[in-house]
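Colleague: I've got a model open on my screen and a list of things I'd like to ask about it. Can you walk me through it?

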Amino acid sequence: MACGTAAALAIEGPVTLDSCRNMAIESNKQLMITRSNIRKAGYQNKEAFAAYLPAIDFAGGYVYNQREISIFDKDQLLPTKSFDPKTGSYQFNLVTDPATGMPVKGPDGQYIPSEVALIPKEAMTYDIHNVFFGAITLTQPIFMGGKIVAMNNITRDAEQVARQMHLSEVENVIYAVDAAYWQVVSLKAKYRLASSYVNLLDSLSHNVHLMFDQGVVTRSDVLSVDVKLNSAQVDLTKVENGLVLSRMALAQVCGLPVNETFTLADEDKDSPELTAEVATSYNMADVYARRPDLEALRLGVGIMGHKKRLAMAEMLPNVALIGAYSFSNPNMFDGFSKKFKGAFSVGVSVTVPIWHWGGNYNRYRAAEVDETVMRLQLDDARTLVDLQVQQASFKTTEAYKTYNMTEANLAQANENLRCANLAFREGMATTDNVLEAQTAWLKAHSEQIDAMIDVRLCNVYLSKCLGTLY
């Protein structure tokens with residue numbers, strides 16, 4: 001929908017540079033990816049925060065057993081006791097010898113009870129063919145060695161890294177749009193220049209042909225002018241084709257159909273006044289703070305520090321509060337009962353790492369090395385940014401100097417062409433003199449256009465280096 005709106009706006013009237021930038025930012029696929037990465041990092045941050053909160057889970061199942069379970073293999077006969085007033089205690093009821101009154105032993109050497117209690121095997125056999133079970137558990141971390149805090153810090157910084165990478169990609173898109181935009185403006189100016197050059201040569205050719213008819217100039221002069229005219233027409237066609245292709249490239253960068261017809265707000269303007277305002281020095285601390293790529297590296301150093309803390313957590317105890325409600329059918333809470341019944345349980349889980357053959361410690365040391373490497377990368381990037389800013393500033397200053405020189409050359413070329421045309425009309429100059437003046441005029445104009453576009457692009461690149469482009 002945003003792309004369609006941008007296209008509609010492009011058709012209505014001349015498109016400004018800011019409009020091209022906005023359309024490109026809305027439609028660029030890489031920016032869509034970076035925006036998606038920001039959302040993803042946000043979700044991961046919320047996921048990490050959830051580790052602070054208690055986790056509630058349910059687990060259940062069903063088991064079919066082929067056989068029933070029986071405590072006894074056969075009926076059980078248990079000896080009984082009777083109270084003996086003489087001893088004041090219970091005594092086993094045993095078979096006694098009438099002659100001696102002593103208990104009688106059987107063939108196996110055991111005393112023979114006179115009375116027994118029968119426990120049938122069926123009474124201790126339970127139906128466990130169909131077993132249902134389940135549990136609702138609650139786990140609340142109390143101390144995890146700092147890993148939850150570290151993960152939250154990592155995901156928080158990762159979200160900020162995603163935002164900085166998005167800003168960096170936005171700057172790249174803006175720079176690409178500006179380059180394509182000013183390329184169209186440059187080629188449109190060169191198209192007007194080539195058309196003017198063709199008109200000059202056409203006018204000169206007409207005059208030379210008239211002079212040839214009057215015998216003032218030679219056939220060679222006529223052919224020289226005609227060759228120049230044909231060459232200029234070929235160059236005009238090339239510039240026109242290049243302009244069409246550059247418009248297609250700009251449309252593609254802006255997210256418009258490549259065959260979209262539109263005009264740019266700056267393509268028909270005269271050469272603007274460009275004033276050099278390039279600083280000689282910059283506050284690099286502010287530049288570092290504005291650069292999204294450096295900010296991403298700085299956040300990366302923080303992430304490596306949190307990963308080191310995460311590795312440290314693997315060597316520390318973990319404490320968690322555990323609560324559960326477990327139930328089953330059948331259950332054994334009140335005898336064997338074929339119905340659902342359960343109970344609550346609460347406890348504390350403690351895990352203490354004791355010995356892992358140095359694995360956790362070496363993981364911690366590896367995390368320290370990663371942090372050191374990231375710091376070195378940040379320092380190296382800052383050094384490169386220093387060089388980048390100085391080079392961009394130098395190139396921008398030189399671009400302004402070149403533009404000012406082309407302005408002076410252009411004024412001289414215009415005056416030279418005027419004088420050559422005047423001398424030619426007065427018969428004081430040859431066609432070669434006029435052709436040379438026209439060629440110099442064309443070159444001066446072309447160099448002035450190139451210098452103007454170079455100033456524009458150098459300013460954009462300098463802004464990108466300073467972190468002020470977006």
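Colleague: Let's start with Glu398: is that residue buried, exposed or partly exposed?
Modeller: Keep in mind that this is a predicted model. Buried would need a relative accessible area under 20%, and exposed would need one over 50%. Glu398 has 30% relative accessibility, so the residue counts as partly exposed.

Colleague: Which side chain does Glu398 meet in a salt bridge?
Modeller: The two partners are three residues apart in helix α8 (residues 359–425), so about one helical turn separates them. An α-helix has 3.6 residues a turn, so residues three or four places apart point the same way. The partner is also partly exposed, with a relative accessible area of 43%. At 3.5 Å, N to O, the side chain that Glu398 meets is that of Lys401.

Colleague: Which residues are joined into one network by salt bridges that share partners?
Modeller: Counting the whole structure, there are 17 salt bridges. Where such bridges share partners, they join five names into one network: Lys188, Arg192, Arg247, Glu267 and Asp268.

Colleague: Which residue forms a salt bridge with Glu314?
Modeller: Glu314 sits in the loop between α7 (292–313) and β9 (318–329), and the partner is in helix α4 (residues 147–213), 167 residues apart, so this pair links distant parts of the chain. Glu314 is partly exposed because its relative accessibility is 27%. The closest N and O atoms are 3.6 Å apart, and the partner is Lys147.

Colleague: And in the pair of Asp157 and Arg156, how far apart are the closest N and O atoms?
Modeller: Asp157 is buried, with a relative accessible area of 8%. Arg156 is partly exposed, at 39%. The two form a salt bridge, and their closest N and O atoms are apart by 3.3 Å.

Colleague: Now the helices. Is α3 roughly parallel or antiparallel to α4?
Modeller: Two packed helices are described by the angle between their axes and the distance between the axes. Here the axes of α3 (residues 29–49) and α4 come within 8 Å and cross at roughly 170°. Angles over 145 degrees count as roughly antiparallel, so that is the label that fits. In short, α3 relative to α4 is roughly antiparallel.

Colleague: How many residues of the contact of α3 with α4 are nonpolar?
Modeller: The contact also has nine polar residues and five charged ones. That leaves the group you asked about, the nonpolar residues, and they number twelve.

Colleague: How wide an arc do the buried residues of α3 cover around the axis?
Modeller: The buried ones are Leu31, Thr34, Ile38, Ala41, Gly42, Asn45 and Ala48. On the other side of α3, Lys29, Tyr43, Lys46 and Glu47 are exposed. The buried set lies on the same side of α3 because the arc covered is only 125°.

Colleague: What span should helix α5 have at 1.5 Å a residue?
Modeller: Helix α5 runs over residues 219–254 and has 36 residues. Just after α5, Gly255 takes a positive phi of about 85°. The end C-alpha atoms of α5 are 52 Å apart, which agrees with the expected span of 52 Å.

Colleague: Any odd backbone spots? Which peptide bond is cis, with omega near 5°?
Modeller: Look in the loop between β9 and β10 (341–351), where Pro330 lies. The cis bond with omega near 5° is the one from Asn329 to Pro330.

Colleague: Which residue other than glycine has a positive phi near 60°?
Modeller: Go to the loop between β10 and α8. The residue there counts as exposed because its relative accessibility is 74%. With phi near 60°, the residue is Trp357.

Colleague: Last one: what separates the C-alpha atoms of Thr87 and Glu398?
Modeller: Thr87 is in the loop between β4 (81–84) and β5 (89–92), and at 48% relative accessibility Thr87 counts as partly exposed. Thr87 and Glu398 are 311 residues apart along the chain, and their C-alpha atoms are separated by 123 Å.

Notes. Residues are numbered from 1 along each chain as its sequence is written. This is a predicted model: local features need pLDDT of at least 70, side-chain atom pairs count only at pLDDT 80 or more; totals for chains, interfaces and linings use all residues. Side-chain values use heavy atoms; hydrogens and water are left out. A salt bridge is a side-chain nitrogen of Lys or Arg within 4 Å of a carboxyl oxygen of Asp or Glu. Helices (H or I, at least four residues) and strands (E, at least two) are DSSP runs, numbered from the N terminus. Buried means under 20% relative accessible area, exposed over 50%, partly exposed in between (1.4 Å probe, protein chains only). Axes are lines fitted to C-alpha atoms, for helices over the stretch in contact, and angles run from 0 to 180 degrees between N-to-C directions. Angles under 35 degrees count as roughly parallel, over 145 as roughly antiparallel, 65 to 115 as roughly perpendicular and the rest as oblique. Ala, Val, Leu, Ile, Met, Phe, Trp, Tyr, Cys and Pro count as nonpolar, Asp, Glu, Lys and Arg as charged, and the others, Gly among them, as polar. The arc is that of the directions from the helix axis to the C-beta atoms. The expected span of a helix is 1.5 Å times one less than its number of residues.
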